[in-house]
Amino acid sequence: MGIASLVLGIVAIVCGLFASGFQWIGAIVGVIGIILGALGRKKTENKGIATAGLVCSIVGFSVSIIFYLACVACVTGLGSLIGSV
């Protein structure tokens, strides 16, 4: 579960930073990675990898949500700018 959490965390970061308009995918993948990382930390054999996956998933989730909200704010601002002309 630790390796899956790490992979999902990396995917969440990449989707959050580079998938313009699809940051919600990074947020969903990040939540799944957080869950798997938390479950993976309970096992003693892959605790380090699970911790890294948990951290990457939290960062990926946060970046995805921040960039998604920024994208929504830009589209809303652009819509109000066009509507006032």
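In this predicted model, the buried residues of helix 2 pack against helix 1, which covers residues 2-18, and against helix 3. The buried positions of helix 2 are Gln23, Gly26, Ala27, Val29, Gly30, Gly33, Gly37 and Gly40. Helix 2 itself comprises 18 residues, for which a rise of 1.5 Å a residue gives an expected span of 26 Å, and this agrees with the 25 Å that separates its end C-alpha atoms.

The packing around helix 1 can be followed from Ser5, which has its place in that helix. Ser5 has a relative accessible area of 0% and is therefore classed as buried, the cut-off for this class being under 20%. When its neighbours within four places in sequence are left aside, Ser5 is in contact with Gly33, Leu36, Gly37, Ala50, Gly53, Leu54 and Ser57. Among these contacts of Ser5, Gly33 and Gly37 are also listed with the buried residues of helix 2.

A nonpolar patch is found on the surface, where Phe22, Trp24, Ile25, Ile28, Ile32, Ile65, Tyr68, Leu69 and Val72 together present about 800 Å² of accessible area. The elements that contribute two or more residues to this nonpolar patch are helix 2, spanning 23-40, and helix 3, spanning 47-83. One of the patch residues is Ile28, which is placed in helix 2. The relative accessible area of Ile28 is 47%, so this residue is partly exposed, a class that lies between the limits of 20% and 50%. Helix 2 thus carries both the buried residues that pack against helix 1 and helix 3 and residues of the nonpolar surface patch.

Note on methods:
Residues numbered from 1 in each chain as written. Predicted model: local features only at pLDDT ≥ 70, side-chain atom pairs only at ≥ 80, totals over all residues. Heavy atoms only, no water. Patch = residues over 30% accessible without salt bridge, like charges linked within 9 Å, V, L, I, M, F, W, Y side chains within 5 Å. Areas by Shrake-Rupley, 256 points an atom, 1.4 Å probe, with all protein chains shown as cover. Salt bridge = Lys/Arg side-chain N within 4 Å of Asp/Glu carboxyl O. Helix = DSSP H or I, 4+ residues; strand = E, 2+ residues; numbered from the N terminus. Buried < 20%, exposed > 50% of the residue type's maximum accessible area, 1.4 Å probe, protein only. Expected span 1.5 Å × (residues − 1). Contact = heavy atoms within 4.5 Å.
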